[in-house]
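Please walk me through this protein model. I would like to know how its parts fit together and how far the prediction can be trusted.

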Amino acid sequence: MFYHHTGNRGTDHYGNGKKCRRKKITVRALAASACAAVLLAGGIQAARQVSVQQSLAKKVLRFHVRANSDSVSDQILKYQVRDEVAACLQEELIQADSLSESRQIVAASLEEIENTAQGVLDAKGSDYSVKASIGEEWFPQKNYGRFCFPQGKYEALVLEIGSGKGRNWWCVMYPNMCFSGSVYEVDETGKELKEVLDEEEYRQVIKNKDYKVSFKGLNNLVKKVKIRR
């Protein structure tokens, strides 16, 4: 008669199963915790971005030019209109000491701005019309040299050429960040911007302050936990 002793093997199998389940639970718990931490960090960064944008919006006047279409000729017209309008306003705007003064100058010059832009179009043989207005516009996140303006609504001078359905051009009219005289040139120093913003606001718009949340840390943590299994 033969006797088969299976008790130890059964116990070992049962014990290993419990250990395996505990490891899986640990992996899931760590992954869930890491995910929650990343989401929390993302929420904090998103809230900070909104706060920065709302603060900036109260201190700047932006410039928005909408091209008729994405064709090469229409895009060239967009830049030609931009440059002429900037030259038209530069002399007066350079004397402005505040956002309200800049706004008044632009609002009082809308007819002159339209006439200047229309003159460019007519001279180039275009039959497009152009409309100038000042109001609140939605802007995507935009980089100007080493500075990054978060997406959101900003007050802006808007020039719409023809249908206005082509690629847009955006910049900051006050404080001047985009023109040197009548020539388009991004101000890398941020000198005028620094005079308008407080220290924290200025620090937040430095380009290397990335608003994006990275999940790389979460992925690495999960990989490490799996390796330990």
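Start with the contacts. Of those in the chain with a separation of 6 or more, 72% are between residues 24 or more positions apart. Two pairs illustrate such links across the sequence. Leu-110 and Ile-134 are 24 residues apart in sequence, yet their C-alpha atoms are 8.2 Å apart in space. Glu-200 and Val-52 are 148 residues apart along the chain, and 9.1 Å separates their C-alpha atoms.

This is a predicted model. The chain holds 7 helices and 8 strands. Of its 229 residues, 36% are buried.

Confidence comes next. The mean pLDDT of the chain is 78, and 66% of the residues reach at least 70. Among the elements, helix H4 (residues 110-123) has the highest mean, 97. Helix H7 (residues 216-228) has the lowest, 46. Over residues 209-222 the pLDDT stays under 50, and the model gives this stretch 24 contacts beyond four places in sequence. Residues 224-229 are also below 50, with 6 contacts beyond near neighbours in sequence. Where pLDDT is low, the predicted coordinates should not be read in detail.

Now turn to the strands. Strand E5 covers residues 152-161, and 7 of its 10 residues are buried, so the rest of the structure largely encloses it. Two strands pair with E5. Strand E1 (residues 61-66) runs parallel to E5, with 5 bridges between them. In this pairing, Arg-66 stands opposite Glu-160 of E5. Strand E2 (residues 130-139) runs antiparallel to E5 and is joined to it by 10 bridges. Here Phe-139 has Gly-152 of E5 as its bridge partner.

E1 also pairs with strand E6. That pairing is antiparallel and has 6 bridges. Within it, His-64 stands opposite Trp-170 of E6. E6 is largely enclosed by the rest of the structure, because 6 of its 7 residues are buried.

Helices pack against these strands. Take helix H3 (residues 99-108). Its buried residues are Leu-99, Ser-102, Ile-105 and Val-106. Seen down the helix axis, they fall within an arc of 125°, so they line one face of H3. What covers them includes the strands E1, E2, E5 and E6, along with helices H2 (72-93) and H4. The face of H3 turned away from the buried side carries Gln-104 and Ala-108, both exposed.

What does Leu-110 touch beyond its neighbours within four places in sequence? This residue sits in helix H4. Its contacts are Ala-132, Ser-133, Ile-134 and Leu-157.

Follow the chain out of E6 (168-174). A cis peptide bond joins Tyr-174 and Pro-175, with omega at about -10°. Pro-175 lies in the loop between E6 and E7. Asn-176 belongs to the loop between E6 and strand E7 (179-180) as well. Is Asn-176 buried or exposed? Its relative accessible area is 15%, and the cut-off for buried is under 20%, so Asn-176 counts as buried. Leaving aside neighbours within four places in sequence, Asn-176 contacts Gln-90, Asp-187 and Glu-192.

Asn-176 also leads to the largest pocket. Among the 16 residues that line this pocket, Leu-93, Ile-94, Met-173, Asn-176 and Glu-192 lie nearest its centre. Two of these names, Asn-176 and Glu-192, are also in contact with each other. The pocket holds about 290 Å³ of space. H2, E6 and helix H5 (191-196) are the elements that give two or more residues to its lining. The largest share comes from H2, with 4 residues.

Finish with Glu-200, the partner of Val-52 in the 9.1 Å pair. Glu-200 is found in helix H6 (residues 199-205). At 41% relative accessibility, Glu-200 is partly exposed.

Methods:
Residues are numbered from 1 along each chain as its sequence is written. This is a predicted model: local features need pLDDT of at least 70, side-chain atom pairs count only at pLDDT 80 or more; totals for chains, interfaces and linings use all residues. Side-chain values use heavy atoms; hydrogens and water are left out. Buried means under 20% relative accessible area, exposed over 50%, partly exposed in between (1.4 Å probe, protein chains only). Contact means heavy atoms within 4.5 Å. pLDDT is the predictor's confidence in each residue, from 0 to 100. Two strands pair if DSSP finds at least two bridges between them. The arc is that of the directions from the helix axis to the C-beta atoms. On a 1 Å grid over the protein atoms alone, a cavity is a set of points where a 1.4 Å probe fits but cannot get out, and a pocket is an open set with protein on both sides within 12 Å along at least five of seven lines; lining residues have an atom within 4 Å of a point. Grid points are joined across faces, edges and corners, and a volume is the space filled by probe spheres set on the points.
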